[in-house]
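User: Could you zoom in on one part of this model for me and talk me through how it's put together? I'd like one connected story rather than a pile of numbers.

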Amino acid sequence: MDYIKYQDKTIRKITGGHQDWYKARGNVWGERYMKEKENILTKERNKKEARIIVKYLPRNSKSILDAPCGYGRISNSLAALGYRVTGIDISDYFINLAKKQAKQLGLNVSYIVGDILNKKITGKFDAVLNIFTSLGYLEDDKKNELFIKRLCQYTKRGGRLIIEIINPVALTKDYKEKEFVLLKDGTKLYFNRYFDFRTSTSVTKIREVKRGSKTKNLVHIIRLYYTHELINICRKFSCDLINVLDQDGKEKNIKNSLRIWLIFQKK
Ligand SMILES: C[S@@+](CC[C@H](N)C(=O)[O-])C[C@H]1O[C@@H](n2cnc3c(N)ncnc32)[C@H](O)[C@@H]1O
């Protein structure tokens, strides 16, 4: 299924031509993202997420693949705890930030710039991480499935695949179609969101208005996966679900939790 072809007509108008939004030229992963997430992805949150991850690692874990790792907020936190971490991301801007921070902290992390779909990573890992809704970016179900297959393939037998994503059940209960965010430096961000029920894709248009410079428009499209869909896909690639957790890492409040953790074990 090609999402753009099957989406609602009004959404199709916005998303047409944006199949490559997640690549460097889409400008989504850069300075604006860092500023926008500054108050969300705090040090405390990184620590909390690292704690949840560590709790669900297989016993005696050593090697971890963080795929994609972004600017290394989780990779560096886990390396600081003594794990041997490899981080891969398509954005060289993010990988440079990750390396810089690792160096400042005296950490040894193996960082790779590359596309998870086709970059060859040597070896298999005790745990593979996919955190902060880092899948569903590709233009059809087949490619998204291939991406998930890669995550499963890099997981050792008996190892764990840990996925943390937006929970579409909670998201669509209170879907914020319009949102305004004022950043510390005075940049204004206007978000327009559209949820397409035909394809379970969420489309976000961001208008960035910065004092003294041209207004930028960004679009991103993400296929939101319901838990049962991910469970079925991962099972095909020998990863069986062992736990679903809410955003605090508890087994309690899944339906109202905007984010969820899925913990898989490779057969
Ligand atoms: C929402 S960010 C999350 C990053 C990181 N997991 C975290 O928790 O901070 C998603 C990341 O996916 C990366 N990305 C998107 N498509 C990718 C691909 N095909 N291969 C590698 N990285 C990719 C982007 O560059 C971005 O850093």
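**From one buried threonine to the ligand**

Analyst: Leaving aside residues up to four places away in sequence, Thr-155 touches Lys-124, Phe-125, Val-128, Arg-160, Leu-161 and Lys-266. Keep in mind that this is a predicted model. Thr-155 sits in strand S5, which covers residues 155-166. Is Thr-155 buried or exposed? It counts as buried because its relative accessible area is 0%, and the cut-off for buried is under 20%.

Two of those contacts, Phe-125 and Val-128, lead us into strand S4, residues 125-130. S4 pairs with strand S1 in the parallel sense, over 3 bridges. At one spot in that pairing, Ala-127 of S4 is the bridge partner of Ile-64.

Now to S1 itself, residues 63-66. Ser-63 and Leu-65 point one way, while Ile-64 and Asp-66 point the other. That fits the usual picture, because side chains in a regular strand alternate between the two faces of the sheet. Here, whichever way they point, all four are buried.

S1 also pairs with strand S2, residues 84-89, and those two run parallel with 4 bridges between them. Leu-65 stands opposite Thr-86 of S2. Put helix H5 (residues 73-80) together with S1 and S2, and you get a right-handed β-α-β unit.

This is also where the ligand comes in. It has 19 residues around it, and the closest are Pro-68, Arg-73, Asp-89, Asp-115 and Ile-131. Asp-89 belongs to the stretch of S2, and one of its polar side-chain atoms lies 2.6 Å from a ligand oxygen. Backbone atoms join in as well: a polar one from Pro-68 is 2.8 Å from a ligand nitrogen, and an N or O from the backbone of Ile-116 is 2.9 Å from a nitrogen atom of the ligand. On its own the ligand has 600 Å² of accessible area, and the protein covers 98% of that.

Arg-73, one of the closest residues to the ligand, gives us a last link. It touches Asn-46, whose other contacts, not counting residues up to four places away in sequence, are Leu-41, Ile-74 and Ser-77. Asn-46 is found in helix H4, residues 43-56, and counts as buried because its relative accessibility is 10%. Arg-59 is 13 residues away from Asn-46 in sequence, and their C-alpha atoms are 22 Å apart in space.

Methods:
Residues numbered from 1 in each chain as written. Predicted model: local features only at pLDDT ≥ 70, side-chain atom pairs only at ≥ 80, totals over all residues. Heavy atoms only, no water. Buried < 20%, exposed > 50% of the residue type's maximum accessible area, 1.4 Å probe, protein only. Pairing = 2+ DSSP bridges. Right-handed = clockwise from strand over helix to strand, strands pointing away. Contact = heavy atoms within 4.5 Å. Near = heavy atom within 4 Å. Polar contact = N/O pair within 3.5 Å; in protein donor to acceptor, adjacent residues only side chain to side chain. Areas by Shrake-Rupley, 256 points an atom, 1.4 Å probe, with all protein chains shown as cover.
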